[in-house]
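Me: I'd like a close look at one small part, and then how it fits with what's around it. Could you keep it friendly for a first-year?

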Amino acid sequence: MKKLLERIGNVDRRIIFILMALAVIVPLALELTMEMPVGEGPSYDLYEYVEDLPADSRVLMSFDYDPSTKPELQPMARALVTHMMSNDVNIVAMALWPQGATLGQTILSSVSDSLGTEQYQDWVNLGYKTGGQVLIVRLGSSLEAAFPTDLEEVPYGEIPMLSDISTLRDFDLVITLSAGDPGIPAWVMIASDRFGVPVGGGCTAVSAPQFYPYLQEREGERPQMEGLLGGLRGAADYETLIERPGLAAAGMSAQSIAHLVIMVFIVIGNITFFATGRKKRTKGGGR
Amino acid sequence: MTTGILGIWAGALLTLCLYSFLYRDNPFYRFAEHLFVGMSAGYWAVYTIFYVLKPNWWDKLVGAGDADPNMLWIIPGVLALLMLLRVVPKLAVYSRLPLALIVGGGAGLQLVTFFQTNGLKQVENTIIPLTGGGTVGFVNNLILVSGVVCGLVYFFFSKAHKGFTGGMASTGITILMVAFGASFGYTVMARISLLIGQTQFLLFEWLPTIPRVLGL
Amino acid sequence: MRLYVPLAITFIAGMIMILEFFIPHQPFPTLGDGVKDWYTIVASSAIFLGVLNLLRVHLKKIARRRKHWRYSPVTIIGFLSMFITGVAWGVTEETPFYYLFNEMVVPMGATMFSLLAFFVASAAFRAFRASNWRASLLLASAFLVMLGRVPIGDIIWRWIPGAAESSHPYLVSEIAEWIMQVPNMAGQRAILIGAAMGVVATSLRMIFGIERSYLGGGD
């Protein structure tokens, strides 16, 4: 038994890799589905806030991520953009990360084509600028100074939907999809706490726990964040709420099985460690 | 073969090259890794020059469109050039000037924003009534308030963690352990989500093209 | 001079950003906007510096035939492919730049980080040990969150007879959400407040010239 446990404890890591791969591939290949009700929580809060926005509201959407976190944040982006465009909410897009500008453009143009909304009337992509938090503060005094043109080099003054937007305060909501810094903390610090513009967001699951303090509601006061989509589950929640299940919802079965596999690994690892460790101490003796 | 299918195959083959690292380091992985680094750098260079420096600096300096030229914009241009001198060891000392602007501006902004959002506002949100929310509300608010206070005591190393202080610090680290457990759970979720995304690409976008490519 | 001029710039830039926050009257907003606009330009050149450095390193590797030098041309070709297509045809949709980004850079970028899923599994097996009661508490919290944030947690709960009809038919996800909203929020808030004090102290040290490591030494 000891030898077996030792062998299990020293298993080649490539066996673990194979098991992990199977845990993800098999549920996806079999198209396993699981019931996934969305309860009260930060995902529902953000959905509710966006749903309550009147038509022609103006939302600033910042794509603050890159391809490394695309599997988590792109489904969120698609769900949010679909929701807003379906409700006739105007979207002004931008990015604090260079590759976010192009990733955002991919989402905006594909959703716009499917829903029949028009660029420059219903949405515009201002592109990427360097500066992070400093840039966000600059938006508080002049959007045009920070973004003289949009991604396609059309001058700010020639874009119809921007004619009555001059600063950050002219927006009804800021949504940031954030993979790190600059991201949610910068937007909360400047847009929400300094300029009083409501902020909602989506982030990778790695960083979601650290943003929960911003979600607390106190009586009579607006929370620092109106809602938060955390990781692939947040994206799946939003897809479920807008009744357009996509890649995120489809991935939840694989996520479930993979979590169970990781938990089994941890339990087995602890069993082998304590069983072989206890036997080692007994063999050493004399203590 | 359409450009769409060609693109999917390029992405899929490069994905498989990178995944080959799981077996062991190999030339395919190194090729894909180096290609990724180079292409990402090219992307950053294009965006920085043509979509930041040109509209936000050059057009303002020379007066693009109806605007008048503004020679004051020479100063940030000079500072930007000085930054590039960092690659020349003998001239790197001049890059201190633009660095000073970046560091000073960033530090000044962060001082007020971090203090306001992560300091004062968090303290304000911790000052909550313990009563008024029923038993569950009482317990939750008690954990919240005591967790924050005890957590802060744990991080205060100027006083020995003994006696009452030690008890508070011990409570603090216990609450922090629960928080770190939650963070670990979310971290595992994040990593697996990334794998799920790429597996979906390989299974649902690439594999269906194989019969078409093979003419089946 | 080489030391005091940068320190003076740090001080002035820092003080303008602080004073602009508290004093909304001229000239502070104008000075603040100036610092922010110049910051964007200079920060862009910092990015370009990184790119230049990358090319310099790889060109040196090729010239000196260092280890793995044969891969350096791949990096340079990758760089040139994006740079030339971006300059020649722009970055909008249906350009070669956009195509290369979506079909090559995006899959590679996504794959790089997805490798971590395998390593986290291996690390969980080899390193995650419930060696004392606090580590066990961490483990329990992690398990509850991992089960509660995916549908299978509630599915397992509802297999228990009577659970589905109880007052908490989705108990596991409720527990996970409680962990996030209460103990996690408390712990994260303590960290946020502590870190904020650290940032304030470090920022003050930088503005007043006590912290000079960013200048790169030599003085």
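Which helix of chain C does C:Val172 lie in?

Reply: C:Val172 lies in helix α7 of chain C (helices are DSSP runs of H or I with at least four residues, strands are runs of E with at least two, numbered from the N terminus). One thing before we dig in: this is a predicted model, where local features need pLDDT of at least 70, side-chain atom pairs count only at pLDDT 80 or more, and totals for chains, interfaces and linings use all residues. As for labels, residues are numbered from 1 along each chain as its sequence is written, while chains are lettered from A and ligands numbered from 1 in the order in which they are written.

Is C:Val172 buried or exposed? With 23 other C-beta atoms within 10 Å, C:Val172 is buried (20 or more other C-beta atoms within 10 Å of a residue's own, placed from the backbone, means buried, 12 or fewer means exposed, and in between is partly exposed). Leaving aside residues up to four places away in sequence, C:Val172 touches C:Leu147, C:Gly148, C:Gly153, C:Asp154 and C:Trp157 (a contact means C-beta atoms, placed from the backbone, within 7 Å). Pick out C:Asp154 from that list: C:Val172 is 18 residues from C:Asp154 along the chain, yet their C-alpha atoms are separated by 5.5 Å.

Now zoom out to the helix itself. α7 of chain C runs over 171-207 and is one of the helices that each supply at least two residues of the side of chain C that touches chain A. The others are α2 (28-64), α4 (96-127), α5 (133-148) and α6 (151-159). Which of them gives the most to that side? That would be α4(C), with 16 residues. Taken as a whole, 49 residues of chain C are in contact with 50 residues of chain A. On the chain C side, the residues divide into 30 nonpolar, 10 polar and nine charged (Ala, Val, Leu, Ile, Met, Phe, Trp, Tyr, Cys and Pro count as nonpolar, Asp, Glu, Lys and Arg as charged, the others, Gly included, as polar).

Another helix on that list, α2(C), is worth following from one end to the other. Just ahead of it, in the loop between α1 (4-22) and α2, you'll find C:Pro27. A cis peptide bond joins C:Gln26 to C:Pro27, with omega about 5 degrees. Then comes α2(C) itself: 37 residues, reaching 53 Å from the first C-alpha to the last, close to the 54 Å expected at 1.5 Å a residue (the expected span is 1.5 Å times one less than the number of residues). After α2(C) comes C:Arg65, which sits in the loop between α2 and α3 (72-89). C:Arg65 isn't a glycine, but its phi is positive, about 50 degrees. Unlike our buried C:Val172, C:Arg65 is exposed, with 8 other C-beta atoms within 10 Å.

What about the partner, chain A? Chain A has 10 helices and six strands, and its C-alpha trace spans about 80 × 45 × 40 Å along its principal axes. Of its 287 residues, 56% count as buried. Among contacts in chain A between residues at least 6 apart in sequence, 77% join residues at least 24 apart.

Chain A has a cis peptide bond too, from A:Asp181 to A:Pro182, with omega near 0 degrees. You'll find A:Pro182 in the loop between β4 (173-178) and α8 (184-192). There is a positive phi in chain A as well: A:Asp56, which isn't a glycine, has phi near 70 degrees. A:Asp56 sits in the loop between α3 (42-51) and β1 (58-64), and with 12 C-beta neighbours inside 10 Å it counts as exposed.

Finally, how confident is the predictor? Chain C averages a pLDDT of 93, with 99% of residues scoring at least 70 (pLDDT is the predictor's confidence in each residue, from 0 to 100). Chain A has a mean pLDDT of 93, and 97% of its residues reach 70 or more. Over residues 279-287 of chain A, though, pLDDT stays under 50, and the model has one contact beyond four places in sequence for that stretch. For the complex, the predictor gives an ipTM of 0.92 and a pTM of 0.94.

Terms used:
Contact = placed C-beta atoms within 7 Å.
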